[in-house]
Amino acid sequence: MGEYSILVVEDEHTLRRLLEYRLGKQYSVRTAANGDEALDRVAEGIPDLIISDIMMPKMDGFALQASLQEQKNTRAVPFIFLTAKADEHSRLKGMRTGVDDYITKPFDIEQLLSRIERLLERTKIFQTQLDARIGQDFSQKLMPKNLPRVEGYRAFFHNTPREHGGGDLFDWSEAWPGNYLFTIGDVMGKGLQAKFYAFSFLSYVRGTLHAMSRATRSPAELMKRVNQLLMEDQVMEETFASLLLMRWEPSRNLITYSNAGHCRPILVTPERTEVVSESDLILGLDPNADFTDETLELPPNSALIFYTDGLLEQQLRTGEMVGEKGLIGAASSALGRPDPINSVLNSILQKSISPNFEDDILVFWLEREG
Amino acid sequence: METTMSFAVEPLNDETVIVRIGKALDFRNAADFKTACQDQVRDGMRNFILDFSETGILDSTGLGSIFSLYRQVSPLEGQVVFAAVSRPVQVVVQLTRTYKVFRQFPSVEAAREALS
């Protein structure tokens, strides 16, 4: 979180210096001697808050405020007027034009500081709420509304996004008759930006599938193309993603997948629980990267678990992270349970330092019944 | 607020540089790492030895910043290599299969010899 920047607009030299000095202890302060200069400062960088005198040579406070109101990117900057006397006329005029606060000279510096703090706080809360809403909206779009229903199989999905979480994504479609394609991925980074890129990235995957589904059913070939697109795109240049593409053919109990550096799935059978280990390079690094398809047959009474790294990175009371080892332990006893994912999560939380998960959690459980 | 996290950078020759990663490379200092490396690339450096001997945390944002560096230097025929990789870093490298891209050396000394 950066330091707030304040622009002080005041023609009287002594007062300008005083404000610069006092506010400078807490904020990054720039100054201007009139409205004209203030517009130059704003053009160099938009401040978080403006404190302006009203009566000034060249451009006065009202003209400055009106000019900032005309531009979309400066309209919302909190604005405090300072004026020489309790001038009711000016005060009313100021309030009408959308000034946020008004302080009469001579003023108490502590009072000014507390008003600044209050205004900045308000702006920050508004921004945070807005971010959270947009983030939530993205999160919902990156997750499925339902799951495929196939006789002989049970499918479960769980997702708890964190407000400052990353770009987890999950999607599925019946790409070919009787064949389902699942997309599980994680776009690197945190917060709204990661969610935005995850959203764009998912469109790539869908677009690629749409364009290529007639030509191929190979997850590895789709993966190669997604990687090429990601590397060619200027906007997505700084985007790296781990991705697992999985084709499920329930009639033959076959799973074919290509894994680009994503967390490795866990296979749970009544006899043992193990990591499905084949995996290739993460996307966005090498335009010529090759990917391979791996196929496995899901035996009766067994399940495959797909997930993102938030699950593995949970801290345990032993001082270690859950890791693949911890997940294997939690998964083996969940097979056949009414809600297996819940059972896995609870078993991990019982050993965790924190009573909740610290990062985004995404788990998909696909189980073949006995 | 000025971030105080900085990275010790030690030139080996006119195109190779050693960057000490320190205790953590994560969402808090990944931007600083990126800036530090960009400055080096601008100065003509294209081979980077990353010293992970003290590193306990490497998260996906941190790894992303290393990937950005890789994408900057690979068109220049440059390399990014990992030296003295600690266990937590090794876990991340294994998971993302990035050992296919970043050569690893047991020590900075070994990397230094290989690249000089």
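**Salt bridges in close-up**

A:E20 is partly exposed, with a relative accessibility of 27%. The model behind these views is predicted. Across its chains, the structure holds 17 salt bridges.

**View 1. A salt bridge within helix α1 of chain A joins A:E20 and A:R17**. The N and O of the two side chains lie 2.5 Å apart. Both residues sit in helix α1, residues 13-24 of chain A. They are 3 residues apart, so about one helical turn separates them. A:R17 is partly exposed, at 39% relative accessibility.

**View 2. A:R206 and A:D171 form a salt bridge**. Their closest N and O atoms are 2.9 Å apart. This pair links distant parts of the chain, with the two positions 35 residues apart in numbering. A:R206 belongs to helix α6 (residues 191-212) of chain A, and A:D171 to strand β7 (residues 167-176) of chain A. A:R206 is partly exposed, with a relative accessible area of 39%. A:D171 has a relative accessible area of 15%. That value is under 20%, so A:D171 counts as buried.

**View 3. The side chains of A:R252 and A:E249 meet in a salt bridge**. The N to O distance is 3.1 Å. A:E249 is buried, and its relative accessible area is 11%.

**View 4. A salt-bridge network joins residues of chain B**. Its members are B:E10, B:R20, B:D51, B:E109 and B:R112. Shared partners connect the salt bridges into one network.

Technical notes: Residues numbered from 1 in each chain as written. Chains lettered and ligands numbered in written order. Predicted model: local features only at pLDDT ≥ 70, side-chain atom pairs only at ≥ 80, totals over all residues. Heavy atoms only, no water. Salt bridge = Lys/Arg side-chain N within 4 Å of Asp/Glu carboxyl O. Helix = DSSP H or I, 4+ residues; strand = E, 2+ residues; numbered from the N terminus. Buried < 20%, exposed > 50% of the residue type's maximum accessible area, 1.4 Å probe, protein only.
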